[in-house]
Amino acid sequence: MQRKPFTIAMIGECMIELQEQADGAITMKFGGDTFNTAAYMARLGEDLGPFVSYISALGDDPYSDAMAKFWRDQGVSDDLVLRRPGKRPGLYIIKLEPSGERHFFYWRSDAAVRECFECQGSDELLASLGRFSAIYLSGISIAVLKPASRERLFARLAELAKTGTAIHFDCNYRPLLWENKETTKALYEKLFGFASSILLTVEELEVVGTDMAHAADYFKRFPQAEVVVKDGAKPCTLIVGDKISTVPAETVAQVIDTTAAGDSFSAAYILGRTLGLAPEEAAKRAHTTAAAVVRHRGAIIPKDATPKVFSATEALCAKA
């Protein structure tokens with residue numbers, strides 16, 4: 001059977017991002033975990049040509065229009081995004097600490113994306129996922145969905161996984177979005193059961209009831225998935241089959257803003273593995289990408305500041 005060209009659907013929510021500046025001024029951008037990953041993957045893999053699509057829902061307001069244009073400007077297709085009359089995007093404010101750590105405050109209870117897979121056009125949207133060779137989503141992607149949308153999406157993803165579509169899941173746990181940890185754990189483990197790769201942080205291991213010392217034993221329950229445990233500026237841990245390895249992060253002298261560090265890491269790691277790199281080499285290049293991101297403010301850094309960690313030759317080999 002001939003392999004599909006690499007195309008990836010990134011499922012989730014992009015929001016209006018407001019960021020408080022040192023002088024008290026507020027700047028507006030657009031961001032969201034899976035969109036951040038989509039934008040960085042499109043940049044890092046630009047030699048592959050257009051291959052990244054965003055799957056979401058927006059309203060019919062000027063901010064939705066501006067957001068969709070921003071996606072296209074970043075090399076991310078909005079062709080499959082549902083536009084819902086009378087709805088609006090969600091909004092969040094980032095408050096930065098002097099250390100570069102950030103706190104998020106959200107307004108998203110009636111965001112267009114919440115019924116993305118149960119509203120008009122959703123049958124066609126779910127069917128369209130079959131054209132992609134890979135799908136990426138996060139814990140936030142599923143947390144913001146209403147139960148019916150979540151159930152329909154899970155059923156479709158499980159179906160696609162059986163036919164060879166790679167499902168990449170980044171846990172990205174936000175406690176304020178969940179009613180309790182039991183629900184989160186159950187849904188995460190349902191996804192773990194058909195995921196090709198699982199990305200999470202050391203802290204998120206606790207959500208599924210384990211820790212770093214017991215992570216390898218825990219993930220033996222999901223032998224089809226390779227696991228990446230991110231730990232900020234510390235080495236990440238890779239669990240691939242029976243092999244466990246660690247890859248050091250790059251040292252950054254001055255961290256400006258950690259927003260999207262993990263999202264960009266995920267983009268580079270998944271792309272690296274898709275291009276045929278060994279897990280350790282993919283993680284090394286992912287660390288390089290994240291190290292560049294934390295040196296700038298905002299989720300999406302200037303394009304010319306994004307390191308070119310993949311060569312055109314590697315991209316051409318992947319397309320062959």
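Two strands are said to pair if DSSP finds at least two bridges between them. Strands themselves are DSSP runs of E with at least two residues, numbered from the N terminus. The model described here is a predicted one, in which local features need pLDDT of at least 70, side-chain atom pairs count only at pLDDT 80 or more, and totals for chains, interfaces and linings use all residues. Residues are numbered from 1 along each chain as its sequence is written, and side-chain values use heavy atoms, with hydrogens and water left out.

A good place to start is strand E1, which spans residues 8-11. On one side, E1 runs parallel to strand E9 (residues 134-138), and three bridges join the two. Within this pairing, Met-10 stands opposite Tyr-136 of E9. E1 also pairs in the parallel sense with strand E4 (residues 52-55), here over four bridges. In E4, Val-52 is the bridge partner of Ile-8, while Tyr-54 is that of Met-10.

The faces of E1 are both covered: Ile-8 and Met-10 on one side, and Ala-9 and Ile-11 on the other, are all buried (under 20% relative accessible area, with a 1.4 Å probe and protein chains only).

The wider picture is an open sheet of eight strands with mixed pairing, in the order E4-E1-E9-E10-E11-E12-E13-E14. Its edge strands, E4 and E14 (243-247), each pair on one side only.

Definitions and conventions
Buried means under 20% relative accessible area, exposed over 50%, partly exposed in between (1.4 Å probe, protein chains only).
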